[in-house]
Amino acid sequence: MSSYLMKRLGYTLFILLAASLLIFCLYALTPGDFITGNIKLSPERKAELRELYGLNKPLLERYVIWMNNAFHGNFGYSLDKQQPVLKLFNQYVWNSFLLAIVSTFLTWLIAVIIGVIAAYKQYSWFDTFVMVGIFAAMSIPSFFIGLFLIKILAVDFKWLPPGGMLTTGSNATGVAYLKEVIHHMTLPVIVMTLLGVGSLTRYFRSNMIDVIQQDYIRTARAKGLSERKVLFTHALRNALLPAITLVGFELPALFGGSLIIERIFNWPGIGQLYMQSFTVRDYPLLMGFTMFIAVLTVIGTLLSDILYHVADPRVKI
Amino acid sequence: MPSIQAEVTNVATNRPQAVKSSLWRQSIRKLLKNKLAVGGFAVVVFMFLLCFVGPLFSPYTDNKVNMTMMNKAPNIHHWLGTDKLGRDVLTRVMQAGRISLTVGIASMVLSVFIGTLLGAIAGYYRGIVDQVIMRIADLLLTIPSLPLLFIFGALLSEWKVPTDYRMYIVMLILSLVGWPSLARMVRGQLLSLREREFMQATIVLGLRDRRKLVNHLLPNLVPLLIVIATLNIGGAILSESVLSFFGLGVMPPTPTWGNMIDAANNMIDFQERPWLWVPPGFSIFATVIAINIFGDGLRDVLDPKQKR
Amino acid sequence: MSEALLDIQNLKKYFPIKAGLLSRTVGQVKAVDDISITIQPGETFGLVGESGSGKSTVGRTAIRLTDKTAGEVRFKGTDIYSLPPEQLRQLRPKMQLIFQDPYSSLNPRVRIGEAIGEAVLDHGLAPASDIRDIVKEVLASCGLSSYHIDRFPHEFSGGQRQRIGIARALVLNPELIIADEPVSALDVSIQAQIINLFSHLQESKGLTYLFISHDLSVVEHLCSRIGVMYLGSMVETASRDELFRHPLHPYTKALLSAVPIPIPKLKRERIVLKGDIPSPANPPSGCKFHTRCPFAEQRCVEEVPVFRNMGGEHWVACHLV
Amino acid sequence: MSTHSLLHIQHLSTYFDTDEGTVKAVDDISLHVRPGEIVCIVGESGCGKSITALSVMGLIEAPTGRIADGIIDFDGQNLLSLSKNHLRSIRGNDIAMIFQEPMSSLNPVITIGEQMSEPLIIHKKMNKKQAQKRVLELITQVGISRPEQIAKSYPHELSGGMLQRIMIAIAISCDPKLLIADEPTTALDVTIQAQILDMLREFRSQSDMSILLITHDLGVVAEMADYVVVMYSGKIVEEGEVVELFANPRHPYTQGLLRSKPIINQRQKELYSIPGYVPNPLELQESCYFHERCEHCMDICRTQEPPLRDVENGQKTACWLYEKEAAVHV
Amino acid sequence: SNGGTDNSSSSAEKGTAQAQQSPALNSLFKAPDLTQLPATAQQRTDTIIMALTDPAGAFTPYFHQSGYDGNVSSLLYAPLVTTDDKGLPAPNLAESWDLSKDQRTYTFHLHKDLKFSDGSPLTADDVAFTWTILHDKSYDNDSLIPTLGIVGGAEYKAGKASTVSGIKVIDPQTISVTIAKPNATALLTLGSDVLSKAYYGKDYKFGELEYIKKLHQTPLGNGPYVLTKFIPGQEVRFTANENYFKGAPKTKNFIYKTSEGDTWQYVETGEIDFASFSATQENINKLKSLGFVDILPYTPSTYSFLQANLEHEALKDKKVRQAIAYGLDRQSIYVDANQGAGEIANIPAAPISWAYTTEGINPYAYSAEKANQLLDEAGWVAGADGIREKDGQKLTLHYLGSKSPQTDIFIAVATENFKAIGVDFQPEVFADFNSLASKVEGGDYDLASFSTPMLTDPSDGLVQFLDGEIKGYDNPEFVKLYNEALATNDIEQRKKIYGDIFRLLNDDLPVIFTNYKKVVYAYNGRIQDLTVSPFNGIASSVPQWTLK
Ligand SMILES: Nc1ncnc2c1ncn2[C@@H]1O[C@H](COP(=O)(O)OP(=O)(O)OP(=O)(O)O)[C@@H](O)[C@H]1O
Ligand SMILES: Nc1ncnc2c1ncn2[C@@H]1O[C@H](COP(=O)(O)OP(=O)(O)OP(=O)(O)O)[C@@H](O)[C@H]1O
Ligand SMILES: [Mg+2]
Ligand SMILES: [Mg+2]
C-alpha cells in the first residue's frame, strides 16, 4: 500500500510536469496575447512591450523560465492586476471556497436524502415530483435560476440581498460580519445547491435501486432494523461507492469557483478572476491558477482511489 | 451415459421449441409492456417529428427578420410570439430542435461510448493498462477547457472549416478529451464488480475478455450508464450554446434551443418576455424527461428483479 | 505410476491482515500452510476438515483463481502459475471449480441458460445452434427442467442454484473438478442423484475430483482417498477404507465420531474437543492441534509433528501414533 | 413443553409473479411450533421451505412476491396484519432467522462486528461498548477464534463456515423466542456442527426457545427435531413426531428420501434416488404432484389432490394410499 | 412570403413600431415619486454608491492596465488640464499655459498651494518627475506621453541622459516641455495626472520601476477623494479629500461597488445610486416605472465601424465598399433592433463632438438597388447561384465579430441583406476581443466589427486611418489634411479641416461607419447637481453631487 502510494506520488509528479508544459503551450497558443487587446497601442509600442514582457521569446524558453521561478516559489506578478499572483489568489480563492464548501455539503446531504427516498419509493408521487423538478432545473441554464431567485427573493420581497458578499460600505466585524456574509451567501448557495443536487440525486437513486434488492438488505431487515437505518446505513454505504469517484472531482471544484454564479451574484470569487485574466491573457495568473487546479485535480483523483479502497474493502489497489 | 441422461433428453424434447425465442425479443416485449417507457419513447418520437416535420407546416420557415413584428407576445398568427427580430418563435423552436436533438443525442452516445470503453478497459484489466489510461485521464482532467475551446475556435477558423460543421467536430473532440470523468466513474464501479464472486466464476470458466466485459460487466453497469446518458443529453443540448459563445456552435440566424434561451439572458427578457425562453426551455425539459423516463423503463426491463 | 493430474506441492497461501486507513499489513492469516496433494487421473480426492481450515483456499489456489504465496501447482505436468494468461484461459475448461456459495457466484443479470452455455461457446466446444439443447441436457442431468433456462438466479432456491453451479462446471466436460461443497444445500434425493452422476461421469469419462465436503457419509461414498485438514495444514491422508476403519489422528477420530446418524434418539459416544479453536493468524506452537487434543503431551506443544507415512497410502502428522 | 403454539401458520400461500406465470412457491400450508419445540422442515430442494420461512419474517420481496392468503399467528398476533413498526420490533428480537446463503446475506462493506452489534443496540438497548463486548463473546461462543480480528474484518475475508456461524451468532444474540434456521450448518464441519447444535439445544432448554429448522441433513433432523414436516412442491405431504416418522415413513416421497441418504460405514455401489423430476410449478394441475415419480401411482393420484389427513399417532400424510375412499375409486 | 397577417393588425403593429423608433428620451427625466425609493437608498446620508466592473487594484495613473482602475484613479487624481463640454482644453491644476511660437514648447503655470492629499505640496518637480519616469525603459504601459516626442526623451530612455532635456522646471509653479514637432493633441496628453515625487520617486532608479507596484493600492493623489479601503472584488471606498484644490467634495463618502453584467437588481433595490443602461425603449420605460430615478440620456463620444480588409482584391474597390454601406440595412440593425439605443454613423466622430457635421455627408440610406448598381459597375455580375462573380472569383465576405447579442442581430440581418445583393456572406464569431483582434492582425478577414474607445479630440478618431492600423489605406490627401488639422490650435480652422476630412472619409469609406451608441444614466432622484460632460462623462461632476 505505501509502496503503491509512493508509486502514485511519482506518477503524480510526472503528470503535473507534463500538465504544466501542456497547459503552458495551450495558453501560449490561445489566439491573442496580453498586448493584442490594447488597441490604443501603436504597432511599434506593441513590439516594444512584447520584448519587455518576454512574450516574444521562444515558447520553451518562456516555459523554462516560468517553471524555474515556480520551483522557487515565485509565481510572478499578474500583468493585468499588477500584483503578485499568490496574493491575488489569497484574496479571491477563499470566497469561492466558502461558497463551494457550503453548497457542496448541502448538495450531498440533500441529494443523498432525496435519492434514497426516491429509490425506496420508486415511481411514487414523491419520486416523480423529484424527477420532474430535477430535470426542470437542468433544462434551464443556471443564470435563469439565478435571475429568477434574485427577482423573487431580492427585488420583490427584499428578503435577501441581490448580490455581493457584504452590505456596501459596511464595517461590520466579528459576529456581525459573519451574519452579513451568511445573509449574502444564502442566495448563491441556494442556486448552486439546486444546480448540483439534480445529477447527484439521479446517481444515488439509481445505485440505491440496485442495492436495496440485495440479500444483505433482507438480512438487515430481518435483524429488525428500522427502515431508516436499513436504507441510510446498510444500503447507502454500498450505494455511495460509485459516488466516491465524484468526490475526487469535487476537490478542484471547491477551489475552482463558479464563473456563472459568481457573476450573477457578484461574488468576489476566483472564477471571475480567472475569466477576467483569461480575456486579457494574463499569463502568470492563468498559469498559476490552472496549475493550482491541476494539483488539486491530481490530489482529488488520488484521494478518490484511496477512498475507494477504504469504502469497499473488496477493491484492491 | 447413465439412465438419467436418457430421461433428460426426453424432457428436453418434450418441451416446445418456443422457449428458443430470442432473449432480445423477450426484452422488447417486456419494454412494450412498460407503459412509462413507451410513453417516454412516444414523446421523444413526437419531439423528433415536431422538429423535423413541423416546420414544413409553418408559414414562417424562411426565418426572415421583420422589424415591424419585434417582440410580440403570443397571438393567433404567432402562437408563441416573436423574438426581438420579429421572427416566429414557434417555427424557430421547431427548427432549433433539429440541431439540438441531433447534437444532444449524438454527443451523448459518443461520450458514453468512449467513456465506458476506456473506463471498462482500465477497471477490468487493472495493472499497466489501468495506470496508463488513468494517468492520461488525470492529465486530461488538469487541462482547462477555456483555452482549449479558444484554440479550437482559432484552428477551425484557420483551416476554414465551414461554420456549420465546426460544432460537430468540436463535439467530437470534446468527447474525445471529455471522457476522463465518465471513465473514472465506470472504472470505479467496475473495480467493485470485478471482485464479486460471479466474476471469479467467469475466470474459472475461462471466458474471453470480451464476453466478460460485454455480457457480465456491462449489464451491471447499465443503470449507471442510463443515468449518465440521460443527464448527458440535457447537458449537451445546453452546452451547445456555450460552444456558440466560442464561435464553435451554429451561426446566429440558425436557431438552437440553447442559443434561443441564451439570447434571452437578461432581466428584462426574463421578466417581460417569457415566450422567448419558456418554449426552448420546455422543449429541452420535455426531451430530457422523456428520454429519462424511457431510460428508467429500459433499466427496469434489464433489471431482473424489477417487475412493473 | 502414471503422471499425476493435479500435483500440489508445498502450497502456501497467506492473507495479509490490514489495519488503519492506509491498510498497513499487521499480520498474516496462514490460510494454507505447506500443503501437498497429488491426485491421479480418475481418482476422487476428498478434502475434509475444520471450517476455516483452508479447504476452499486450497481449491482456489489449485486452479490459480487466487495467487499463491509459495509452492507449486502442476496440472497434467504444467505449472499453471507460469502459464501466460491466454494459455491459462484455454486450459480453464479442463479444470473446473464448483463454488461453495452458488448465489454469489452467479451474475444476477445473466439468465442461467446463458450462464451455463456461454463458456461452451467461448471455447468453441459446440456450435452456437446446439448450445441450447446442450444446456437443457446438462440442466436435466442435474435435476433441473428446461423451463428454468430463461430465468434469473434470484428466482431459484438455494439448492437449485447449487445445481446450476454444478451444471455450469459439467457442461465443459472438464478433466478435473474441484467441487467445494457441491451438495450441501441439496435434499438427499437430489444429492444422491448428483453423486451418482459424479460417479458415472468418472466411470465413463475418467473425471477426476477434488471433493471438498463436510458430509463424511458423502465423502465416504465418493472418494477413494481422503485428506483431513486442520488450521491450514494436512493432518492425515489415507485411502478411504484406511481412514474410516483406522483413523489415526485424534482430529480425524473426533470428526468421525461427530457425524450425525439419521436415527432419532440414538445415543452415541462422541469425542468432544475441548478448548477454543485457535487462530490461523497466530497458530499454536508445535502441533497445531495440541490446544484441543484430548491426548496432548508436552512434546506436542514444542515439536512440530512430521507428516509420516504409516504404511501404504496412510500418512499422518501426529507424535502419538 | 406446553401445548399452545408459539407460531401457528394457517393456510399460507405465497406466490411469485413471473413472466411466464404465477409460481405457487408455497401453497396452502399449515403448521405450528410450540414453545421450546424444534420443528424440522425437510423436503425437495425448491419445494418452498425458505419461502415459508421468509413469509413468516415478512420478507417476501414485493412487487414480484406476495403472500396470497393465510394467517401467521405468532404469540397470539397475526404477523401479516401487524404494523410495520410492530413487526420490526419482533424481527430480530422475538423471531430471528439464519439465512441459507451467508455470503450474500452479509453486507460486504460493513465490518462483521458492526453488523453483529446492531440488533443488540436496537433490541437490547445496549450502548456501543456493551454491544462490542457482547459481540466478542458471541463470536467465541460460535467457535471462532481471534474474535477481535474477526469483528474488524469484512465478510469476504471469512470462510463460508465462519460466515454461517456469524449469521447464527447474530440470530441468537437477542435470545429470540423463535429461531428460524435455514440450513444453518451446511457449511460447517461435523465437529463444529455438533458444537452448534449442542449450543442451540442448550438455548432451547435454557430459555424455551423454539426452533424452526430447515435442513437436508437427515442426521441433523434425527438428532434435533421433535417434530418433522415434509414438504414437496409447495405443499406439506407428511408430518409427525420425529421417531415415528423415521420409523414409519408413510408418504412415498418420505420413504424415497430416507432411502436416498448415504449412511456412514454402510457403503453402496450406487445411491438410491427418487426417479423423475419435480413438476413444472407453472403447469400444475389438480393431482398429487408426486404422482409422476411414485411407484404406487393410482388413477386418482393423477386427477385429484390428496388431503393431509391424520393417519396414526398424530402422524399426518397426504397420500391416496392411506385414504379409505380412495381404494374404492381404484 | 411573410403571409398570414391581415391588414387591420399590421397597421396597428406599424404604429407601435414607429413609436419604438422615435427617439425615446431627449432630456433629463425627473423622478416622479421619490417615496418609492427603497429604504436602503433612503437611509444613506453622506454616501454615494456607483457600480463598477471589477477594478484590478492598480490605482496609480499611467500604470494601470484595466480601464476600471482608471475610473478609480480619476477620483484620486486631478489632471493638469481638463476638457470642457465641447472637448476643448480647460484649466485645472494648471491655471494657464503658454504655447511657444513654433508650437513646440508648452509652459504650464500651476495653481498656488496645490497639495497632495497627505498635505505635502505639489510642485513642478512632481510634474517633471511624472513625465520623466514615463520615459523609463522599463515603463511598460500605454501612456501617450512618451509618444509625443519630447525632446531628450529617447536619450533618457536609452540611458544616455540622466534627465529628459526637453522638460524644464522653471520655478515651483512653472514647468515647460518641448516636443519635437507641433501636435494639437499634446496639450491634453501632457495635461494629465501628477504623481508625487516624494512618494513615488523615493526608490526610483533608472530602469527599475518594479517598486511602484507595491504602491498601487496605497495611492497618494490630489483629486477630490482619497482611497480609504479597497476590498478586492467587492468595493472601493473613498472619502472626501480635505486638501482638494477646489475644496472637499460635497458628499463625504463615495463607493464603487463591483458589479459584473446586469445592474438592474442593484438599482431596483437601491443598493447603488447610479447606473448606466443602453437607451432602449424598454429600459427607459422600465426605469421610468421605478419612479425614483432620474434618467439622463447620453451619447458617448465613440463610434463603431466595420473594418474592411483593404488588402483584399474586391474591397480595394471603393465602389464595393460603398455598395456594402448601401446594402446593409443599418437602420434595422443598429436602431430598430436596438429599440432606439443607437444612431447611424457616417463619419468618424460622435454627434457631440465640436467637429461633427452632416454637411455634404452621404447618409448611405439603405438601398439594395444602389448597392446592386454599384456592384454591377464594379464588374461583379451575378452567377448561376445568385452570387456575384468577377474573373471567376466569387464575391465572398468573411466577417468577424465578437460574441454579443449585437453581433447576433448583425449577422441575422446582414445575412439577408447580403443575399439580396448577391454577396456570399460568411460570418464567424469569436469569444473575446483578444481572439478577434489577433485574427484581424493576421489579416484573414474581409469585415470586422469594432468600436473606438472614448474619443476626446477629433483626431483621436482618425489615427487609425493614418498609422497603418488599417492596412492598405493610404490616401496622401487625408494625411495632408490630418497634419494640417493638428498643426494648428485654432478651433474654427480645425473644424473646417475636419469637415473636409470627414467628407473625404465618408466617400472613401476606408471603414464602413455603422453607428453611435446611446445610453441613459439612471440615478437616485435624491442626487443633485449631476451633470455629464460628453468627453469626461460624469467624472468631473462627481465632487459636486449632493444628496437631497
Ligand atoms: N423471486 C422468485 N421468483 C420466482 N420464483 C421463485 C422466486 N423465489 C423462489 N422461487 C421459486 O419458489 C420455489 C421455492 O423456493 P424456496 O427457496 O422456498 O425453496 P427451498 O425449499 O428453500 O429449496 P432449497 O432447499 O433448495 O433451498 C422454487 O421453485 C423457486 O424456483
Ligand atoms: N480474502 C481473504 N482475506 C483474508 N482472509 C481470508 C480471505 N479468504 C479467506 N481468508 C481466511 O482464510 C482462512 C481459510 O478460509 P477458507 O475459505 O479456505 O476456509 P474453508 O476451509 O473453506 O472453510 P469452510 O469450510 O468454512 O468454507 C479463514 O480463516 C479465512 O478467514
Ligand atoms: Mg470453504
Ligand atoms: Mg432454501
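Across all its chains, this structure holds 74 salt bridges, a salt bridge being a side-chain nitrogen of Lys or Arg within 4 Å of a carboxyl oxygen of Asp or Glu. Keep in mind that this is a predicted model, where local features need pLDDT of at least 70, side-chain atom pairs count only at pLDDT 80 or more, and totals for chains, interfaces and linings use all residues. Residues are numbered from 1 along each chain as its sequence is written, chains are lettered from A and ligands numbered from 1 in the order in which they are written, and side-chain values use heavy atoms, with hydrogens and water left out.

**Exercise 1. Find the partner of A:Arg50 and say where both residues sit.**

Step 1. Start with the pairing: A:Arg50 forms a salt bridge with A:Asp33, with 2.7 Å between the closest N and O atoms.

Step 2. Now place them. A:Arg50 is in helix H2 (residues 43–53) of chain A, while A:Asp33 is in the loop between helix H1 (2–29) and H2, so the pair links parts of the chain 17 residues apart; helices (H or I, at least four residues) and strands (E, at least two) are DSSP runs, numbered from the N terminus.

Step 3. Check burial: A:Arg50 and A:Asp33 are both buried, where buried means under 20% relative accessible area, exposed over 50% and partly exposed in between (1.4 Å probe, protein chains only).

**Exercise 2. Compare a salt bridge between chains with one inside a helix.**

Step 1. Between chains, the side chains of A:Asp210 and C:Arg109 meet at 3.0 Å, N to O. A:Asp210 belongs to helix H7 (residues 174–211) of chain A, and C:Arg109 to the loop between strand E6 (95–98) and helix H3 (112–122) of chain C. Both A:Asp210 and C:Arg109 are buried.

Step 2. Inside a helix, C:Glu86 and C:Arg89 form a salt bridge at 3.0 Å, N to O. Both lie in helix H2 (residues 85–91) of chain C, three residues apart, about one turn of the helix.

Step 3. Look at exposure: C:Glu86 is partly exposed, with a relative accessible area of 40%, whereas C:Arg89 is buried at 10%.

**Exercise 3. Which residues are linked in a network of salt bridges?**

Pull up chains A and B. The network links A:Arg8, A:Asp305, B:Arg126, B:Asp130, B:Arg135, B:Asp138, B:Arg184 and B:Arg187.

**Exercise 4. Work out the surroundings of D:Arg91, which has no salt bridge.**

Step 1. Locate D:Arg91 in the loop between helix H2 (84–90) and strand E6 (95–98) of chain D.

Step 2. Look for a charge partner. D:Arg91 is buried, and the nearest side chain of opposite charge, A:Glu227, is 5.5 Å away; Lys and Arg count as positive and Asp and Glu as negative, with His and the chain ends not counted.

Step 3. See what the side chain does reach: the backbone oxygen of A:Arg221, at 3.3 Å.

Step 4. List the neighbours. Not counting residues up to four places away in sequence, D:Arg91 touches A:Arg221, A:Ala222, A:Lys223, A:Gly224, D:Met57, D:Gly58, D:Leu59 and D:His123, contact meaning heavy atoms within 4.5 Å.

**Exercise 5. Describe the interface of chain D and chain C.**

Step 1. Get the extent: 70 residues of chain D contact 72 residues of chain C. The two chains bury about 5,300 Å² between them, 54% of it on carbon and sulfur atoms; buried area is the accessible area (1.4 Å probe) that two parts lose on being put together, summed over both. In chain D, the residues that lose the most area to chain C are D:Val190, D:Ile264 and D:Arg267, together 13% of what that side buries.

Step 2. Add the polar part. The rule finds two salt bridges across this interface, and D:Lys261 with C:Asp215 make a salt bridge at 4.0 Å, N to O.

Step 3. Look at who contributes on the chain D side. Helices H3 (102–105), H7 (160–172), H8 (190–207), H9 (218–224), H10 (242–247) and H11 (252–260) of chain D each supply at least two residues, and H8(D) gives the most, with seven.

**Exercise 6. How many residues does the contact take from chain B and from chain E?**

Step 1. The contact takes 35 residues from chain B and 38 residues from chain E.

Step 2. About 3,000 Å² is buried between chain B and chain E, 57% of it on carbon and sulfur atoms.

Step 3. The count between these chains is one salt bridge: B:Arg273 meets E:Glu282 at 2.6 Å, N to O.

Definitions and conventions:
A polar contact is a pair of N or O atoms within 3.5 Å; within protein, one must be able to donate a hydrogen and the other to accept it, and residues adjacent in sequence count only if both atoms are side-chain atoms.
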